[in-house]
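Let's take a walk through this fold together, one sheet and one helix at a time. Have the model open and turn it as you read.

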Amino acid sequence: MTYFEHEGTDDKTLESNVRTYCRTFPSVFAKGEGTFIYDEDGRRWYDFLSGAGALNYGHNHPLLKAALLQYIEQNGAVTTLDLNTRAKQSFLASFDDIILRPRDLKYKVQFCGPTGANSVEAALKLACKATGRSGLVAFSNSYHGMSIGAMSVTASFRRRKEQYLNPSWVHFLPFDGFTGMREELQFVRKMLTSKGSGISAPAAIIVEAVQGEGGVNVASSEWLREIRQLATEIGAVLILDEIQAGCGRTGRFFSFEHHGVKPDMVCLSKSISGMGLPMSLLLIAPTLDVWNPGEHNGTFRGFNYAFVTAKEALQKFWNSPGFADTVDARCRYLALALQAWKKDFQLRIVRTSVLGMFAGIELASEDLAAIVQNECFRNGLIVERCGPLNDTLKLLPPVLIEAEELDGGLRILGEALARHCR
Ligand code: PMP
């Protein structure tokens, strides 16, 4: 490890000041297996951070690992831009067979640069090109990534830096429940459809069905359906950002499946490779696929290791009959735990929210949330914080977690809540 004395600061670490998670969880991690992550000395944590949603099936799932090792053993091509490879073609065939067609979804698949933000960039650009418009609509507490385009539709102010944004093409409207007012949805409709509201017809409306970084806010079906309807009425592209909520996180492959809506474009990344290997997709309604060849390019759009494990995850999990039921059972258990805590610790728990294996516990203050988070870490559980005030614990256990492991992790959290939230 390299350390150096940086002139003028007392920070002795070579890594940039931008680092964040390693400050909250200051161990040196060595390996991950299933629900657990281990440090160099073999100390074990329940990992309910799950790579911020990139490890929905846990660390190093044996089936995925075996497929990857076999591919490497055969000297399978590693990175190939958008050249055709067997790995890419097999992934596409499985994705169509197992995910798209059974859900009656007809999308073209764009392979983006390997981050979620790059898929968002592609979606915004393509929506502008397809509609010939330049305005965008996004929602309060949204999070879509850290590149400038994605950040311009991000309202999560903890990370937003006005000085390098020109947000003049973006209008923010309240996400479901943001204002607490009964006429919220009518307000959104009025702003989007009335002359003189100051919002001219946008190219796209971008939305998360469950806002992750924004505090685990779950949109209702009524709300999301109305947003779908409004987008259609005003000729805007509806972009669903499924980067964190997708790939089974909410108990369905796509979180919008709970609501019976069909987006025009879908951003998918994080857990799509199944193993935490970088991969990012944009799903595009065929009529909107107006790209010219190479118009949204990028070197790392063809990471075949990710395609191999992504295909394996679809085949081995989403194609297996008992999978959905097992995930549903775990989701119910998590929901019950949250319900009980909300009742027991009502003085300090402001709000709980959950959809599938995506849960939030908003505490009375940022300090309290930090205390509970740190205590969990000391006792063997890693959980993230989120929300505009950083006061919400975000639980992302692997969706494939064993019942006793879920119970074990929740017990650590329950004890910390009992100590600090009575
Ligand atoms: N959208 C959502 C909903 C996300 O949660 C994230 C990542 N937290 C992103 C976009 C950006 O993805 P990435 O960090 O891979 O660029």
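**Two sheets, their helices and some aromatic rings**

A good place to begin is an open sheet of seven strands, in the order β4-β12-β11-β10-β7-β5-β6, with mixed pairing. Two strands are taken to pair if DSSP finds at least two bridges between them, and the element names come from DSSP runs, numbered from the N terminus, with helices being H or I runs of at least four residues and strands E runs of at least two. At the edges stand β4 (108–111) and β6 (170–173), each with a single partner strand, so one side of each has no neighbour in the sheet. From one strand to the next, the twist averages 20°.

Before going further, please keep in mind that this is a predicted model, in which local features need pLDDT of at least 70 and side-chain atom pairs count only at pLDDT 80 or more, while totals for chains, interfaces and linings use all residues. Residues are numbered from 1 along each chain as its sequence is written, and side-chain values use heavy atoms, with hydrogens and water left out.

Inside this sheet, look at strand β10 (residues 237–241) and strand β11 (residues 265–268), which run parallel and are joined by three bridges. Here D241 stands opposite C267 in β11. Helix α8 lies across β5, β7 (204–207) and β10, and runs at about 165° to β7. For such angles, axes are lines fitted to C-alpha atoms, for helices over the stretch in contact, and the values run from 0 to 180 degrees between N-to-C directions.

Helix α8 (residues 221–234) also has a helical partner: helix α7 (residues 184–193) packs with α8 at an angle of about 10°, the axes being 11 Å apart. That makes α7 roughly parallel to α8, a label given to angles under 35 degrees, whereas those over 145 are roughly antiparallel, 65 to 115 roughly perpendicular and the rest oblique. From α7, the contact (heavy atoms within 4.5 Å) takes in L185, V188, R189, L192 and T193. The α8 side brings E222, W223, E226, I227, Q229, L230, E233 and I234. By class, that makes seven nonpolar, two polar and four charged residues. In this count Ala, Val, Leu, Ile, Met, Phe, Trp, Tyr, Cys and Pro are nonpolar, Asp, Glu, Lys and Arg are charged, and the others, Gly among them, are polar.

Now for the aromatic rings. A search of the whole structure finds 20 aromatic pairs, where rings of Phe, Tyr and Trp (its six-membered ring) pair if their centres lie within 6.5 Å, and planes under 30 degrees apart count as stacked, over 60 as edge-to-face and the rest as tilted. F29 and W45 form an edge-to-face pair, 5.4 Å centre to centre and with 70° between the planes. F29 belongs to strand β1 (residues 29–33) and W45 to strand β3 (residues 44–47), so the pair ties together parts 16 residues apart in sequence. F29 counts as partly exposed at 30% relative accessibility, while W45 counts as buried at 1%; buried means under 20% relative accessible area, exposed over 50% and partly exposed in between (1.4 Å probe, protein chains only).

A second edge-to-face pair, F139 with W223, has 4.9 Å centre to centre and 70° between the planes. It links strand β5 (residues 136–139), home of F139, to helix α8, home of W223, across 84 residues. F139 is buried at 1% relative accessibility, and W223 is buried at 2%.

The next stop is an open sheet of four strands, ordered β13-β14-β17-β16, with antiparallel pairing. Its edge strands are β13 and β16 (384–386), each pairing on one side only. Six bridges join strand β13 (residues 349–355) to β14, and T352 has I361 as its bridge partner in β14. On the other pairing, four bridges join β14 to strand β17 (residues 392–395), where L393 is the bridge partner of I361.

How many residues of strand β14 (residues 358–363) are buried? Six of the six are, so the strand is largely enclosed by the rest of the structure. F358, G360 and E362 are buried on one side, and A359, I361 and L363 on the other.
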